[in-house]
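Biologist: Could you walk me through this model, one question at a time?

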Amino acid sequence: MKRLSLFCGHFGSGKTNVAIHFAERMAAQGLPVTIADLDIVNPYFRTKDSEDALAAKGIEVVTLPFANTNVDLPALPKFVYTLFTDRSRQAVLDIGGDDRGALVLGRFVPFIKEEGSFELYYVVNFYRYLTRTPDEALQVLREIEAACGLPFTAVINNSNLGRETTVQTVLDTEKKAADLCVLTGLPLAGTAIREDLAEQVRKSGLCGTVIPLTLQKGV
Amino acid sequence: MGEKFLMKGNEAIAEAAIQAGCRFYFGYPITPQTELAAYMAKRMPKVGGTFLQAESEVAAINMVYGVAGTGKRVMTSSSSPGVSLKQEGISYIAGADLPAVIVNVQRGGPGLGGIQPSQSDYFQATKGGGHGDYHLIVLTPASVQEMAELTVLAFDLADKYRMPAMLLADGTIGQMMEPVSIEGITPHPVEKPWAVTGTEGRRPHNIINSLYLDPEELERMNIERFARYRKVEENETRAEEYCMEDADVAIVAFGIAARVAKNAVAALRAEGVKAGLIRPITVWPFPKKVIANAAKHVKAFLSVELSMGQMIEDIRLAAGGVRTELCFRAGGMIPSPEQIIKAVKALEEV
């Protein structure tokens, strides 16, 4: 397993939920894990929403003191460099949406490349209006790569319609995800689905790994 | 209805505006509406439209004024402090009888306030805001789907009555994501013979202006404008009624407050309490007749607002003396269903 797991994607594609799942899975395996909120784009729906639940599982959360306050400050947490200097821990990095959000990675790229142990996951929801097709999703993917200076290493299909998601909702995007993987040459790391539907999706014969998500606190 | 997509409220406004034929957007970033501008920045170039981040809100609204004069569909958006800055321009647009759409995704105030949702710009939206005798058509979406539908309606009504229309949303509806069907919404564009498009020698040139040197003519223009406002009141007042047929207590709430109130009504009905909900969809024109009709059979009205109590004044004007109380949270806080349930029960017991 790579030490650094980075999650980027289109704005609102579900990066935070997926990143938290990965951190929880690593913690469940007994690994020391830190999750970092590096979202400088959106002051709402932050990793901090789940801080207490994550802490209870022994996951260290690096976040801003201003998250979820009235201060809308595009700043980074002060302990952010420990993610790269302390190589004894797994680090999960939740990055802001689109190329704008991915810009934040630029200053860390030399550290990431020097260590050479990272996965950069592209989280995609084909029900988001600006990533409806593999071609549109590819365009956003390339914009993010150009902004952050790192190549993606895998795709995570997180296609959903919020509370209206059904098993079919997810299955209908299987081909799009496969096409995106062909277009990019990237492997599909998995298909994410709300945990109560995960078993049904597994039984449906969907290709690849099913990632059962616990939805974080929202509106 | 077309295929569904998962959108933020702010994105739904932006995409609906594009579907409605809006090809000009001028704005300036401010939380919690910035996604709207960001979406326009990505989308407008792809549909041959113009996105421009202006140097200020004041500049943006005056760009809107300019494009509106050419008869093209045009929009700006901001959040509370930014909408305050736009007021002079809005007054000019109203004074020049031009259609345009202004979006306010409200946040807590006054002053810099905070970035959490609010409804405390109700007075500003419905009672003027800028100087002079004028109104805006003010639409209040309560879901992401309505963000889209009421955006298209705002463009249609603005064109139909030659006046600016405002979408009065809040930070919650702007930020939340819901499935939305956006492509089945049909806009209704109209001919605009008054538009400044160059005469090409075919007719005398049109003039767009809000300056009248003759005070009698200015008075005449104001009277004519208010005759049009009366037509808007007659034809375009919109409200949703929920469980109102036999209600003893009528909750009145719009936007996010109405969603919470609807849950409270359902819970109260399950307990046998006869509560109902009136949800104004237009707050100007305010649904006075709906309130007046309810006043014939309810014991009390409860205005649920994310403010210190603003809409309650309009309810009281229409309620003909029926008891009207306030249930509120302010500064970016949202009332809970429990708070509303408690307030309704207190009114029931009197």
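What follows is a friendly exchange about the structure shown above.

Modeller: Before we start, this is a predicted model, where local features need pLDDT of at least 70, side-chain atom pairs count only at pLDDT 80 or more, and totals for chains, interfaces and linings use all residues. Residues are numbered from 1 along each chain as its sequence is written, chains are lettered from A and ligands numbered from 1 in the order in which they are written, and side-chain values use heavy atoms, with hydrogens and water left out.

Biologist: Thanks! How many salt bridges does a search of the whole structure find over all chains?

Modeller: Side chains of opposite charge can pair when their charged atoms come close. Here a salt bridge means a side-chain nitrogen of Lys or Arg within 4 Å of a carboxyl oxygen of Asp or Glu. Over all chains, the search gives 35.

Biologist: Which residue meets Glu115(A) in a salt bridge at 2.5 Å, N to O?

Modeller: Glu115(A) sits in helix H5 (residues 109–115) of chain A, and its partner is in the segment before strand S1 (4–9), 112 residues apart from it. Helices (H or I, at least four residues) and strands (E, at least two) are DSSP runs, numbered from the N terminus. Glu115(A) is buried at 17% relative accessibility, and the partner is buried too, at 6%, where buried means under 20% relative accessible area, exposed over 50%, and partly exposed in between (1.4 Å probe, protein chains only). The partner is Arg3(A).

Biologist: Which residues are linked with Arg3(A) in a network of salt bridges?

Modeller: Glu115(A), the partner we just met at 2.5 Å, belongs to this network. The full list beside Arg3(A) is Arg87(A), Glu114(A) and Glu115(A).

Biologist: How many residues apart in sequence are the parts tied together by Lys57(A) and Glu24(A)?

Modeller: The side chains of Lys57(A) and Glu24(A) form a salt bridge at 3.0 Å, N to O. Lys57(A) is in the loop between helix H2 (51–56) and S3 of chain A, while Glu24(A) is in helix H1 (residues 15–28) of that chain, so the pair ties together parts of the sequence separated by 33 residues. Lys57(A) is partly exposed at 47%, whereas Glu24(A) is buried at 17%. The answer on separation is 33 residues.

Biologist: Which residue of chain A meets Lys42(B) in a salt bridge?

Modeller: This pair crosses between chains, from helix H2 (residues 34–43) of chain B to helix H6 (residues 134–148) of chain A. Lys42(B) is partly exposed, with a relative accessible area of 21%, and its partner is also partly exposed, at 24%. At 3.0 Å, N to O, the partner is Glu143(A).

Biologist: How many of the 10 residues of H2(B) are buried?

Modeller: H2(B) is mostly covered. Its buried residues include Glu35(B), Leu36(B), Tyr39(B) and Arg43(B). The number of buried residues is seven.

Biologist: Are helices H7(B) and H9(B) parallel, antiparallel, perpendicular or oblique?

Modeller: The axes of H7 (residues 144–161) and H9 (residues 215–236) of chain B come within 11 Å and cross at roughly 140°; axes are lines fitted to C-alpha atoms, for helices over the stretch in contact, and angles run from 0 to 180 degrees between N-to-C directions. Angles under 35 degrees count as roughly parallel, over 145 as roughly antiparallel, 65 to 115 as roughly perpendicular and the rest as oblique. That makes H7(B), relative to H9(B), oblique.

Biologist: Which residue is joined to Trp284(B) by a cis peptide bond?

Modeller: The residue lies in the loop between strand S12 (282–284) and helix H11 (288–295) of chain B. Omega of the bond is about 0°. The residue is Pro285(B).

Biologist: Is Asp98(A) buried or exposed?

Modeller: Asp98(A) is in helix H4 (residues 98–102) of chain A. Its phi is near 60°, a positive value in a residue other than glycine. With a relative accessibility of 4%, Asp98(A) is buried.

Biologist: Last one: what is the separation between the C-alpha atoms of Glu349(B) and Leu167(B)?

Modeller: Glu349(B) lies in the segment after helix H13 (337–348) of chain B. Glu349(B) is exposed, at 68% relative accessible area. Glu349(B) and Leu167(B) are 182 residues apart along the chain, and their C-alpha atoms are separated by 37 Å.
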